[in-house]
Amino acid sequence: MKADWKLKHPVSTTALGALLLAGAGGVAWSADAAAPNPEAQAEEPEGLGEVVVVGSRIRRTTFDSPAPLVVITRDDVNSAGFSSITEALQSTGVTNGGAQINNAFGGYVTDGGPGANTLSMRNLGAGRTLVLINGRRVAPSGTRGAVGSADLNVLPNAIVNRVEVLRDGASSVYGSDAIAGVVNVVTDTNIEGLTFEGRYTAPQGIGGDETRLSVVGGLSGDRWRFSASAEYYQRQDLTLADRAWTRCNTDQFSDPETGEVLDFIDPLTGEPKCYPITGTGSNGVTINTIGTQALTGVGAAGSVGTSFNRWRPNSAITTGLVGFEGVGGGTNNINVRDTFEPRMLNESLISPAKVTTFFAQGSYDLQTLGDAQLYSEVLANRRDSSQVNYRQLSMDYRLGSPLIPDNLADSNFGPDQGTSDGERVGVRAFVGFGNDHSQQRVDFIKATIGLRGNVTPLTGWRYDGLIAYADSDATYDVQSFLTDRVTYASDVVAAPTGTDAQLVRDGLTCRINIDSPAERCIPFPPLSSQTVGGVLPQDFKDYIFRPVHGSTRYKETLANLTFDGPLFTLPAGEMQGVLGLEYRRQQMNDSPDPNSVAGNLYNLTVSAPTRGKDNVKEIYTEIEIPLLRDKLLADNLTLNGSLRWTDYDSYGDDMTYKIAAMYAPVDWLSFRATLGTSFRAPALFEQFQGATSGFLSAQGDPCYEYGTLPASTLTANCATQISDPEFRQTQSIRVNSEGGAGSGLAAETSDNLTVGVIVQHDIGSLGRLSLALDYFDIKIKNGVSQVGAASILDLCYVDPTFDPNEGFCRLVTRDPTTLALSVSDAYTNIATQVTTGFDYSLRWERQVGPGNLRFNANATQFRKQDFQLFPDDPVIEWNGTINYPEWSGTFDLAYQMDKWRFNYVVDWVGKMNSYEYLEEIESESIYDFKTSDYFVHAISARYTSDENWEITAGIRNVWNAKIPTISSLVYNRVGNAPLYSEYDYVGRRAFVTVTKKF
């Protein structure tokens, strides 16, 4: 018997109907099952070929599944106004409102590096969501030392037929990572001829334009089939200056009763101060300012007192510190100083990117080895991304330096801050240096070759063996000040006769030029108002500010062999079985720039190389038993069970299982349930990441000017360590992180439970109605994660039982002399993480006039999103707080008639409130840590011509939804909005897609 490998329609109308009505509650989008294209319907074969649906390795002739499943087609993506499969997967309909790493995170340290786009289902992290292409793993890719998840940028958008999203754990079926869910991208194998497509997206404001061009082609013969796609995508830069809501970041403090704005009013403008430096999320930085010891002088407008340690140039001041006005050193004076300049608005809001993707697939029937078919796939992708940020330069003029003017000669700012070779600092200049640029290039390739055929003489049994190799080869470049060069440049002496004139400023040169002329050091410019204002000699800037280069390589080799077929024939049908073997080898090598390894990047990260490898061997089996069929009160009863033994070289072995059941007492009512376990060894970077240090702003110190805050547990805890209530941290907070393999990091385990009910029924002339309700419960034990430095600090200092050696405080160190802070944020085993909730789904369709009307409504309600770092720590409930919405949903109304299709789509993120989580901040305080419901509307229309062309046009974010705002101090913000992926930072945009087939 010859195997039917040429499945013409992987998702037929019949199959998709079965999926929607019997197997898949919570469908966010669906294909045109209600009103199929007449030509496509005529081409469809009489019966559906056997397919494998995500979540199981059992072949079946329908999409019936005991687990909740979502299907997204390319048409759904276009109709909703999404520019790519990536954008659709990161939307509310898939993520349930969970925060994702996307293109708004370019200025932050993230897993996968800047420009990466990852998927975190159920808000459990990208490392717990498995991404597949045609049922096979997509290897991690990205830059820097924390590459551990698939980058959605590599997906071949142009040739995608559909995306299957499993909202359930499936580690016993797919292995590690399949804890929160699985995404399977299925390509179209039934392609004949050529299809050209172009898409353009134009935002209402400037910046953020998107262009996508693609060509897809295929051809076939009696024994072979080949298809391929090539596409190019470009996204223009979108900066903070391009949107009104990001141009002036303010504290957003107000009187809860009167609504009066309580932000600091800038005396120069009479408006709330833009980009202050109050704390986390205020996003400003001190510039155009010098630091001294406390001196008596004239204060700037709006300042308090006469003693200051921060000063701004002002030539009109003729008493006190001549030429300078006081802007720091007294209560509230921190807000008087300069913290903003226009170049800050050049920072990327959405980082630009260019992505080129090539995908090819083919098969050849050998007519031997059990009617075997040789098949292969190749995916090649290049991503070029970049970001613009803003840098402050702290210039430490050494005590007694001839570069310090006479009126500041007696200034004694403090001890060495890291660039004065142990000498005391006379004056520190806080200079607005300007913009820096970073860029990444990631080349990703994945090649697969396999052989599948019939197992003779076992009737109905088949084998499928494959070998796959993936390689992510990436480079990354940033610009940074070099600590040694800043140190050399600050140490000046009189230039000896004969010194190269290019190395001399006002008769002075760097001491290093005398001892080591090859260094060619350019000295600090003299301290002046121009220098403080950021007007620096170009040769000096070129000397201290240099490009820094690193590279990241990630390789994965996979071999898999699977056998499947019927075991027995039972009265209700055939009992099916699967037996398989898998071997994976993963290697990672991240090599930062030598300056980064040596800690020579001034006020930037210190990164050691990340190098490691791991091997895993697995044996898995699955069985499906049809117990009852077409009986009284038992229209269908099917059990499914899977078992997987996993053995990691790094952490040993474990066994995982999953049991699933599908019961339909009548044809319109079904119940389903799954129960499973998982085992996940830490990713390579979680194990072997080299010691890395980064920095938080000094204003992120919870005790910064704690005397200005209302009396609370936090202020009391700060007082036990710091006697001065006006304390101002002067040093950035060092954050140290590294892999946990050397400190007892263990593998994580989890339990998954899903229970659901599905109702589908014809309601006569009113159409057909389908309802689904699913309950999910995921409990992760010893979960591998980082808590986050800002969270650690907050949780430490608001602890009523504050003890520097216990709880979160054991991860915080405060130097008893300098009061500088450092935080350890290494990968650790979180004792417990629990997520529970409900998925609701409704689908209604009926014939209306000349066409078909369909309505989908899907919502998710989280009941718990609990987190506990150590077993003896209290449980922290994140559910309903900012970035962790309790409710989210997607609603889709579609009407199709003849050659036209119209869509109206609404994405919804529920309101969020963090007051209970923050405890010390009351809801009636001056701080705003709650957000309102957020809706994004999209409309589109598609016309399909008889002449093989098609056009889709529409508007995404029709009403240009206002993004909710929150106060500073706690959360990272963009403008005044939370840094949160489900908010549409781009705004209203029109899109058009034109397709032509030949």
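Here are some worked exercises on a predicted model, each with a solution in steps.

**Exercise 1. The surroundings of a valine**

Work out which element holds Val735, whether this residue is buried or exposed, and which residues it is in contact with beyond its sequence neighbours.

*Solution.*
- Step 1: Start with the secondary structure. Val735 sits in strand β30, which covers residues 733–737.
- Step 2: Next, check accessibility. Val735 has a relative accessibility of 14%, and residues under 20% count as buried, so Val735 is buried.
- Step 3: Now list the contacts, setting aside neighbours within four places in sequence. Val735 touches Thr692, Ser693, Gly694, Leu696, Ala789, Val823 and Asp825.
- Step 4: Finally, try a distance. Lys273 is 462 residues away from Val735 along the chain, and their C-alpha atoms are 29 Å apart.

**Exercise 2. The sheet that holds β30**

Find the strand order of the open sheet that includes β30, then say which strands stand at its edges and which helix packs on it.

*Solution.*
- Step 1: Trace the strands across the sheet. The order of the 5 strands is β24-β29-β30-β34-β33, and the pairing is mixed.
- Step 2: Look at the ends of that order. β24 (606–607) and β33 (812–814) each have a single partner strand, so each has one side without a neighbour in the sheet.
- Step 3: Zoom in on one pair. β29 (residues 692–696) runs antiparallel to β30, with 5 bridges between them. Within this pair, Ser693 has Asn736 of β30 as its bridge partner.
- Step 4: Add the helix. α14 (residues 789–797) packs on the sheet and touches β29, β30, β33 and β34 (821–824). The directions of α14 and β34 make an angle of about 110 degrees.
- Step 5: See which helix residues are buried. In α14 these are Ala789, Ile792, Leu793, Leu795, Cys796 and Tyr797. Their cover includes strands β29, β30, β33 and β34, along with α13 (713–721) and β37 (876–877).

**Exercise 3. Another open sheet**

Give the strand order of the open sheet that contains β3, and describe how β3 pairs with β6.

*Solution.*
- Step 1: Write down the order. The 5 strands run β3-β6-β7-β4-β5, with mixed pairing.
- Step 2: Identify the edges. They are β3 (69–73) and β5 (136–137); each has a single partner strand, so one side of each lacks a neighbour in the sheet.
- Step 3: Follow β3 to its partner. β3 and β6 (residues 160–166) are antiparallel, joined over 5 bridges. Across this pair, Val71 faces Glu164 of β6.

**Exercise 4. Following β25**

Determine which strands pair with β25 in the antiparallel sense, and what is found in the turn of its hairpin.

*Solution.*
- Step 1: Take β23 (residues 573–591). It pairs antiparallel with β25 (residues 610–631) over 15 bridges, and Leu579 stands opposite Thr621 of β25.
- Step 2: Take β26 (residues 634–648). β25 and β26 are antiparallel over 14 bridges, with Ile625 bridged to Leu639 in β26.
- Step 3: Inspect the connection. β25 and β26 make a hairpin with 2 residues between them, and Leu633 in the turn has a positive phi of about 55 degrees.
- Step 4: Look within β25 itself. Asp630 lies in this strand and has a positive phi of about 55 degrees, although it is not a glycine. Asp630 is exposed, at 61% relative accessible area.

**Exercise 5. Backbone features in loops**

Locate Gln252 and Pro457, and describe the backbone feature of each.

*Solution.*
- Step 1: Recall the background. Most residues other than glycine have a negative phi, and most peptide bonds are trans.
- Step 2: Examine Gln252. Its phi is positive, about 60 degrees, and it lies in the loop between β11 (238–239) and β12 (289–296). Gln252 is partly exposed, with 24% relative accessible area.
- Step 3: Examine Pro457. The peptide bond from Thr456 to Pro457 is cis, with omega near 10 degrees. Pro457 belongs to the loop between β18 (425–454) and β19 (462–481).

**Exercise 6. A cavity and its lining**

Describe the second largest cavity by its volume and by the classes of its lining residues.

*Solution.*
- Step 1: Begin with the search, which finds 14 cavities of 30 Å³ or more in the whole structure.
- Step 2: Read off the volume. The second largest cavity has about 630 Å³. Its lining has 34 residues, and those closest to the centre are Glu87, Gln90, Asn102, Asn103 and Arg989.
- Step 3: Sort the lining by class: 11 nonpolar, 14 polar and 9 charged residues.
- Step 4: Ask which element gives the most to this lining. That is β39, with 3 residues.

Notes: Residues are numbered from 1 along each chain as its sequence is written. This is a predicted model: local features need pLDDT of at least 70, side-chain atom pairs count only at pLDDT 80 or more; totals for chains, interfaces and linings use all residues. Side-chain values use heavy atoms; hydrogens and water are left out. On a 1 Å grid over the protein atoms alone, a cavity is a set of points where a 1.4 Å probe fits but cannot get out, and a pocket is an open set with protein on both sides within 12 Å along at least five of seven lines; lining residues have an atom within 4 Å of a point. Grid points are joined across faces, edges and corners, and a volume is the space filled by probe spheres set on the points. Helices (H or I, at least four residues) and strands (E, at least two) are DSSP runs, numbered from the N terminus. Ala, Val, Leu, Ile, Met, Phe, Trp, Tyr, Cys and Pro count as nonpolar, Asp, Glu, Lys and Arg as charged, and the others, Gly among them, as polar. Buried means under 20% relative accessible area, exposed over 50%, partly exposed in between (1.4 Å probe, protein chains only). Contact means heavy atoms within 4.5 Å. Two strands pair if DSSP finds at least two bridges between them. Axes are lines fitted to C-alpha atoms, for helices over the stretch in contact, and angles run from 0 to 180 degrees between N-to-C directions.
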